[in-house]
Protein chains: 2
Amino acid sequence: MQDVARRAGVAPMTVSNVVNGHPHVREATRARVLEAIAELGYHLNTAARSLRQGRTGVIGLAISDFSNAYFGLLAGFVAERAAAHGYEVLVEQIGQRREGEVDAIARSRLRKFDGLILHSTELADRDSAMLRSSYPIVVMGERAYSDPIDHVSMGNEDGALMATRHLIERGCRRIALIGGRHGAPDDIDVSTQRTRGYLRALDEHGIDRSNGLVLETPLHCEGGRSSAHAVVEHPGGVDGIFCATDEVAIGTLRALYERGIRVPNDIKVIGFDAIPVGSYTAPSLSTVEPDHEGMADAAVRLLIERLQGDRPEDEYREIVGGARLLIRESTAVSSPF
Amino acid sequence: MQDVARRAGVAPMTVSNVVNGHPHVREATRARVLEAIAELGYHLNTAARSLRQGRTGVIGLAISDFSNAYFGLLAGFVAERAAAHGYEVLVEQIGQRREGEVDAIARSRLRKFDGLILHSTELADRDSAMLRSSYPIVVMGERAYSDPIDHVSMGNEDGALMATRHLIERGCRRIALIGGRHGAPDDIDVSTQRTRGYLRALDEHGIDRSNGLVLETPLHCEGGRSSAHAVVEHPGGVDGIFCATDEVAIGTLRALYERGIRVPNDIKVIGFDAIPVGSYTAPSLSTVEPDHEGMADAAVRLLIERLQGDRPEDEYREIVGGARLLIRESTAVSSPF
DNA sequence: CTGAAAGCGCTAACAG
DNA sequence: CTGTTAGCGCTTTCAG
């Protein structure tokens, strides 16, 4: 910047003013400076600027796994909302291991970003103490914390309730849950929360909680496939399957296809997450669509309030995103084809 | 750091040595420093370190769209390879618009990262001049450049050749290409390159290039679906469809399902990219699997060679990744179910 | 509208 | 093994 200033015959400060588009620079001066910049191939040094300004203009988004369609959706929305507030988003993959998340928090303290949106999957309650630094963090995901913290979660239980009710309304009485889990009362990961909604719907309608119809399995396609093969052999039979995620549901549809079981005629299937490919499965997948966009917006807003000190340090917010039913062919009365 | 040093009764430099794990610090001193750090809640300031060191330890990965399964795969591999070299990866979404890519390049020059892996989709040849700064960039993607540059591309033409040959070997003679494009000779995006491989296979086997069997369409599910609906009404009939991407293929399978056309019995379908969900479609999707991992590895290696000055400034590399056939049910002789 | 001075927090280099 | 010095490149502040 010094070199540019010398070349343009101005002070470094003027170069800075030009680079930052400050208004009070005479047109002729600006032109000379820009010319000098071009001639010298000068580029602003971000590290120096950040050091001086004490901010980076970047929000970090830490997610567990790039190759999950759900995170792709979310990241896109977060980036868009942040841009609207003048922030850039950089995404970091932290892996599903707990160490990764703790790592991300530790690194975030290095102030590489102005703040962090942490999409937690495996972060245990006891780690939340780490989040209690003054560093601005918003946690997204299905885990609740006893420590106060800004948190955006999904309407998991309500969504699962809606999905299961929908199956019941369509006449299903022997409804399996693939990817569920009977956890401890304070256990609130995706599986346990969605299981609660499922059980509430059954109770509501006076349907027995038959043993063996809640299958615990990893929440991906293969988990769904193998569990579906198992569940259709349940002695009491099955006429509806609620899958804890769309990926699980895709694996389930696959298993039923392999066995020649017709969906929705023989068994109805519903998922959760509304990943895009669900419109194109055969049959297309009924599902619960969380308000991804609203949640991304909320997370960004909470973080930016923090960054700008718009909220007292010790005041935290808990936001639960909405969810709505997306009814497609896999829960139709009978197949349209 | 000064405060920590004062508290621990040492010089700032010693604090730095402790923080960075340098070996020559007495155990007692280290302990005192760590204690002071904990007491004061001190955190290293990354901006200052980067300014001083002239490096950030971060590689940027600019991709066009988070919500594409292919990019998720790639990003995961890139992150892993970079970590092996002691670099962290931050991912930036730049959108599919050309402006976005130029933007990313411009911003990259701000030296936010030590180097950039740019996965281009719409970057035109004329923009490649922008890449000719001394800033370390590796371009990935299906576009070639006349300007010299480090470039990792995919074996698109060979992959398409293999896919189409495979359909022919399975007895198809009326083979459509959905998502293809007859471009200018120097036009080398995904669609045109894959079209070339397709045409070569037809020529090889003396099969006519029937009019109307190459359909240009956006490379996503809906593009595949609507084009498939159109192509099956082709007067000459169709017995095989090569889809330019797996997403297109998923849309195609969907359209055939809607029409009650059996795959593979009536029409065989093959895709390209090997996205994970392709194993779970009904029928499962035969496809071309590019060596994603090898390409990610190559890109990281090229970039790090640059960062470390292991290669003369004016020496550039062009690496083409391999591809292999993944044969599943959608091109079987007849359905196993 | 432009400039001079000062310092953000860190670490390379070298001295003790 | 520990300390001193200096400066990375920028922008805030205040003075012209």
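Colleague: What makes B:Ser16 a polar contact of DNA strand C?

Modeller: A polar side-chain atom of B:Ser16 lies 2.7 Å from a phosphate oxygen of the strand. A polar contact is a pair of N or O atoms within 3.5 Å; within protein, one must be able to donate a hydrogen and the other to accept it, and residues adjacent in sequence count only if both atoms are side-chain atoms. So 2.7 Å qualifies. This is a predicted model: local features need pLDDT of at least 70, side-chain atom pairs count only at pLDDT 80 or more, and totals for chains, interfaces and linings use all residues. Residues are numbered from 1 along each chain as written, chains are lettered from A and ligands numbered from 1 in written order, and side-chain values use heavy atoms, without hydrogens and water.

Colleague: Which residues are closest to DNA strand C?

Modeller: A:Ala11, A:Thr29, A:Arg52, B:Ser16 and B:Tyr42, out of 23 that surround the strand. Near means that a heavy atom of the residue lies within 4 Å.

Colleague: What share of the strand's atoms within 4 Å of the protein belongs to sugar or phosphate?

Modeller: 71%; the rest belong to bases.

Colleague: Why is B:Thr164 called buried?

Modeller: Its relative accessibility is 0%. Buried means under 20% relative accessible area, exposed over 50%, partly exposed in between (1.4 Å probe, protein chains only). Therefore B:Thr164 is buried.

Colleague: What does B:Thr164 touch beyond its neighbours within four places in sequence?

Modeller: B:Ile175, B:Tyr198, B:Ala201, B:Leu202 and B:Phe242. Contact means heavy atoms within 4.5 Å.
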